[in-house]
Amino acid sequence: MEIIRNDVKNRVNLREINRYLGYGAKAPDDSIGQMITEVLDELLCVVTPRNLYKLYNSSIVGKQVMLEASGSTIIFESQNLADNLSQCSKVALIAATLGLEADKLLQKYEILNMTKAAIAQACGAACIEAYCNILQEQICASLSENGRKLYLRPRFSPGYGDLPLQYQRTIFQALDCTKHIGLTLTDSLLMYPTKSVTAFIGLTANPQSCHIDKCAQCDNTECEFREL
């Protein structure tokens, strides 16, 4: 699915950038705020976002999540993932990246200005988050047809909760990330380009709102996935 830079720019959450930089709910001073604006604009001028995804039928037995498509099944073992997807008959496996040029900009700042380097890292994290938000909403809209509305569960990635990071290899193999979007996985399970995401996105017929601004929009204060 094509998502242009302006789409990402319009969805970037400046509060998330401030939080990544350690300001919490507070706003940075004017000089840092101006620097954030400059770095974010430069980053958005060079990113080359790409994505791919594959849809699966989902079934869960205990803490085993089984995803089936085209006659083949892949299995993930995680209680947290099983809980996240428990209401979902469909699951999308996604991979998304901001591209190599984003990494090159980060490396430039690491040489020239460490403050801007830290800001660029935070801006990159917010941009890939915005990109994935748009992608998952497009996937949901494309499947919500013929009067049947689907809802999104929060994205869940390897390394969250009890889902081992080693499952990155399974996702890369299932999606063939390197061939299709140039996303590679190192022996230490790090992705390159670095501003990239792989994730499970559950789709359910049961109304949900916790994928939107995540916990800030959710009334379920007992949810085990809640961010404080």
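These exercises cover aromatic rings and their neighbours in a predicted model. Local features need pLDDT of at least 70, side-chain atom pairs count only at pLDDT 80 or more, and totals for chains, interfaces and linings use all residues. Residues are numbered from 1 along each chain as its sequence is written, and side-chain values use heavy atoms, with hydrogens and water left out.

**Exercise 1.** Classify the ring pair Phe-76 and Phe-200, then place it in the fold.

Step 1. Rings of Phe, Tyr and Trp (its six-membered ring) pair if their centres lie within 6.5 Å; planes under 30 degrees apart are stacked, over 60 edge-to-face, the rest tilted. The structure holds 3 aromatic pairs.

Step 2. Here the centres are 4.8 Å apart and the planes stand at 90°, so Phe-76 and Phe-200 are edge-to-face.

Step 3. Phe-76 belongs to strand β3 (residues 72-77) and Phe-200 to strand β8 (residues 196-204), so the pair ties together parts 124 residues apart in sequence. Strands are DSSP runs (E, at least two residues), numbered from the N terminus.

Step 4. Both Phe-76 and Phe-200 are buried (under 20% relative accessible area; exposed is over 50%, partly exposed in between; 1.4 Å probe, protein chains only). With Tyr-167 they form one aromatic cluster.

**Exercise 2.** Classify the pair Phe-156 and Tyr-160, and state the burial of each residue.

Step 1. The centres lie 5.6 Å apart with planes at 70°, so this pair is edge-to-face.

Step 2. Phe-156 is buried, at 3% relative accessible area. Tyr-160 is partly exposed, at 42%.

**Exercise 3.** Find the lysines over the faces of Tyr-109 and Tyr-151.

Step 1. A charge sits over a ring if NZ of Lys or CZ of Arg is within 6 Å of the ring centre and within 35 degrees of the ring normal.

Step 2. Lys-108 lies over Tyr-109, 5.3 Å from the ring centre. Lys-149 lies over Tyr-151, at 5.2 Å from the ring centre.

Technical notes
Helices (H or I, at least four residues) and strands (E, at least two) are DSSP runs, numbered from the N terminus.
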